[in-house]
Amino acid sequence: MEKKRWIAFCYNLPAEPSRYRVSAWRALKKMGVVNIQQSIWAIPYSEENYQAFVRISDEIERNNGEALLMDCIFFDAKKEKRIMELMNGLRNEEYREFIGECEKYLKELEKEIRIEKFTFAELEEEEEERDKLVNWLGKIRERDVFHAAEGERADTLKLQIDQAFNQFSEMVYQRSN
């Protein structure tokens, strides 16, 4: 069986100013990498991930830091599985937060229907909120390379918010004509 390629990344930055460390950390989190040991981050290899690490490395080095980027494989399948489980754990946390926000959105739409707030302004506001949720789910999906369990539930909630929004939209349209 062919071994999966990974990219391992580690870096050092001066303690001050802290904004450089925060910037690097945020960029890594957006990629969906997992911190496997102190200051060692890993993600499955792809050209896109490699290019993202190169950009982060360049930024770190511009800010008086050092970065190491390594192409690697795991010799021990159990260790690799543990890293994959860590990545899925992170994605599941993100999905659960997304699911919670979807549930709040559905309650908000129910409230607007209950109080009959069928205005175009309200419709635009709800559409904007729905679009934010949809975009957020897209970002989580991009990071979910190992198909975390909560992804299916998130997809179900995304369909529910789409349906609820469409229903609300139809109600607003009916009341305005």
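This is a guided tour of one predicted model, moving from a central strand to the cysteines, a cavity and two pockets.

Residues are numbered from 1 along each chain as its sequence is written, and side-chain values use heavy atoms, with hydrogens and water left out. Because the model is predicted, local features need pLDDT of at least 70 and side-chain atom pairs count only at pLDDT 80 or more, whereas totals for chains, interfaces and linings use all residues.

**Strand S1 and its partners**

Begin by selecting residues 6-12, which form strand S1; strands (E, at least two residues) and helices (H or I, at least four) are DSSP runs, numbered from the N terminus. Of the 7 residues of S1, 6 are buried, so the strand is largely enclosed by the rest of the structure; buried means under 20% relative accessible area, exposed over 50%, and partly exposed in between, with a 1.4 Å probe and protein chains only.

Add residues 40-44, strand S3, which pairs with S1 in the antiparallel sense over 5 bridges; two strands pair if DSSP finds at least two bridges between them. To see one bridge here, pick Phe 9 and its partner in S3, Trp 41. Then add residues 66-72, strand S4, which pairs with S1, again antiparallel, over 7 bridges, and where Ala 67 is the bridge partner of Tyr 11.

**The cysteines**

Select Cys 10 and Cys 72 next. The sulfur of Cys 10 is 10 Å from the closest cysteine sulfur, that of Cys 72, which is too far for a bond, and the structure holds 0 disulfides, a disulfide being a pair of cysteine sulfur atoms within 2.5 Å. Cys 10 counts as buried at 17% relative accessibility, while Cys 72 is partly exposed with a relative accessible area of 24%.

**The cavity**

The structure holds 1 cavity of 30 Å³ or more. On a 1 Å grid over the protein atoms alone, a cavity is a set of points where a 1.4 Å probe fits but cannot get out, a pocket is an open set with protein on both sides within 12 Å along at least five of seven lines, and lining residues have an atom within 4 Å of a point. Grid points are joined across faces, edges and corners, and a volume is the space filled by probe spheres set on the points.

Select Leu 13, Tyr 20, Ala 24, Ile 56, Glu 59, Ile 60 and Asn 63 to display the lining of the largest cavity, whose volume is about 30 Å³. H2 gives the largest share of that lining, 3 residues.

**The two pockets**

For the largest pocket, with about 390 Å³ of space, select Ala 27, Lys 30, Met 31, Glu 48 and Ala 52, which lie nearest its centre among 16 lining residues. The elements that give two or more residues to this lining are helices H1 (18-31), H2 (47-62) and H4 (120-143), and the largest share, 6 residues, comes from H2.

Finish at the second largest pocket, of about 320 Å³, where Lys 29, Lys 30, Arg 91, Glu 94 and Arg 143 are the closest to the centre of the 13 lining residues. H1, H3 (77-114) and H4 are the elements that each give two or more residues there, with the largest share, 5 residues, from H3. This lining divides into 3 nonpolar, 1 polar and 9 charged residues, where Ala, Val, Leu, Ile, Met, Phe, Trp, Tyr, Cys and Pro count as nonpolar, Asp, Glu, Lys and Arg as charged, and the others, Gly among them, as polar.
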